Amino acid sequence: MKIGILTSGGDCPGLNAVIRGFAKYVFNEIKDAELIGISDGYLGLINKDVKKMKPSDFSGILNVGGTILGTSRQPFKSMTDEDRNGQSKLDMMKKNYNALGLDLLVTLGGAGTHKTAALLSSVGLNVIGIPKTIDNDIYGTDVTFGFHTAVDIATECIDRIHTTAASHGRTMLIEIMGNKVGWLTLYAGIAGGADIILLPEIPYDPDAVVKTVEKRIENGRAFNIIAIAEGAMSIEESKMKKQERLEYRGGRATGTEKLAQYIEEKAGVETRTVVPGHLQRGGSPSPYDRLLSTEMGSYAGRLAKEGKHGVTVALRGTEITYNALADIAGKMKFVPTDHQLLGVARSIGISFGDGR
Ligand code: F6P
């Protein structure tokens, strides 16, 4: 069996652990297995930039961050655009899959990667997906690999900000990754003891945020920790189109700085912003993610052995299972506004900036 494997979209801790888990299963369990590493995501399949991998290529990478295969973002919407010769990226990928004699393509990626995987599957390629992303936003799986490591990192950032915020009596906004969903901000916010958590799913009222800050100060707590997702928006901003919002924010992609200025002016407190950014995606996966990645990688190997394709690996409860690509592609897993953790957070006095 000849299998191509690629990693696509933003990287995250655990990619190499999944690649290793899959490769070890395949070399142990499938007779005459051949593994072809495809460089830089779908780009490598479009350009036929591939290399035959040997078992030793997968040693020593369990705890290494990033991806040994390289990655890139290839927007789904451009996959079917035709070039001057009437060829689309989809055509090229199909052509190269056949030219390489692949029996299966394994794609490690996020929501966009899964949309393309479903498209490839619909045109006859045998594809197995594995859900990666620090955002934890892939539909149909309780957890994506990489998420919990990012929670650990973001929580540590909040912890470190806590001590300096307390020393100076400042209000600090920590901008956590997640431009569409707030899972990472919610988990790290609660774990880091944030006072206010702002998520894309719950547009905030800046005056309600100011009120919470003022109330805490009145109650003798001189500092405030605000965990704000990249994609968090005020109620006003949530009604705007992307371009209008960008202008309203003075050209900044996120609303963090604007909110910080508003708090400083209205509440009269020293306010600072911190953006850990890509630190949240770098470095070694946590033990939890090493386990989950190994489980997901080896499970994908089992699916390959059983001849199953058109599916993506998932975790439901404590069980590793799979979903049909066609069922999950194009859907997103948002934080439900009645999620249990929101109730827990509210019950211990955490505000979501919505005046409740
Ligand atoms: O998809 C994961 C993610 O980390 C988002 O949370 C973030 O907004 C985005 O990627 C940034 O990615 P990049 O800067 O690599 O394009």
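User: How many Å separate the centres of domain 1 and domain 2 here?
Analyst: In this predicted model, the centres of domain 1 and domain 2 are 34 Å apart, taken over C-alpha atoms.

User: And which residues belong to which domain?
Analyst: The domain assignment gives domain 1 as 2–146 + 285–328. Domain 2 is 149–281.

User: How many residues does each side put into the contact?
Analyst: Domain 1 contributes 13 residues and domain 2 contributes 10 residues.

User: What area is buried between them?
Analyst: About 930 Å² is buried between domain 1 and domain 2. Carbon and sulfur atoms give 51% of that area.

User: Which three residues of domain 1 supply more of its buried area than any other three?
Analyst: They are Asp11, Ile134 and Asp135. Together these residues supply 48% of the area that domain 1 buries against domain 2.

User: OK, charges now. How many salt bridges are there between the domains?
Analyst: The count between domain 1 and domain 2 is 1 salt bridge.

User: What does the side chain of Asp11 meet in a salt bridge?
Analyst: Asp11 meets the side chain of Arg281, with 3.1 Å from N to O.

User: How many residue pairs are in polar contact across the interface?
Analyst: The rule finds 5 such pairs across the interface of domain 1 and domain 2, with both residues at pLDDT 80 or more. By class, the side of domain 1 that touches domain 2 has 5 charged, 4 polar and 4 nonpolar residues.

User: Switching to the ligand. Which residues are around it?
Analyst: Among them are Ile134, Asp135 and Arg281. Ile134 and Asp135 also appeared in the trio from domain 1, and Arg281 in the salt bridge with Asp11. Others around the ligand include Arg73, Gly178 and Glu230.

User: How many Å is a ligand oxygen atom from the side chain of Glu230?
Analyst: An oxygen atom of the ligand is 2.5 Å from an N or O atom in that side chain. For the side chain of Arg73 the value is 2.8 Å. At Gly178 the partner is a polar backbone atom, at 3.0 Å from a ligand oxygen atom.

User: Is the ligand mostly buried or exposed?
Analyst: The protein buries 72% of the 400 Å² that the ligand exposes when taken alone.

Note on methods: Residues numbered from 1 in each chain as written. Predicted model: local features only at pLDDT ≥ 70, side-chain atom pairs only at ≥ 80, totals over all residues. Heavy atoms only, no water. Domains from an automatic or database assignment. Contact = heavy atoms within 4.5 Å. Buried area = accessible area lost by both parts, 1.4 Å probe. Salt bridge = Lys/Arg side-chain N within 4 Å of Asp/Glu carboxyl O. Polar contact = N/O pair within 3.5 Å; in protein donor to acceptor, adjacent residues only side chain to side chain. Nonpolar A, V, L, I, M, F, W, Y, C, P; charged D, E, K, R; others polar. Near = heavy atom within 4 Å. Areas by Shrake-Rupley, 256 points an atom, 1.4 Å probe, with all protein chains shown as cover.
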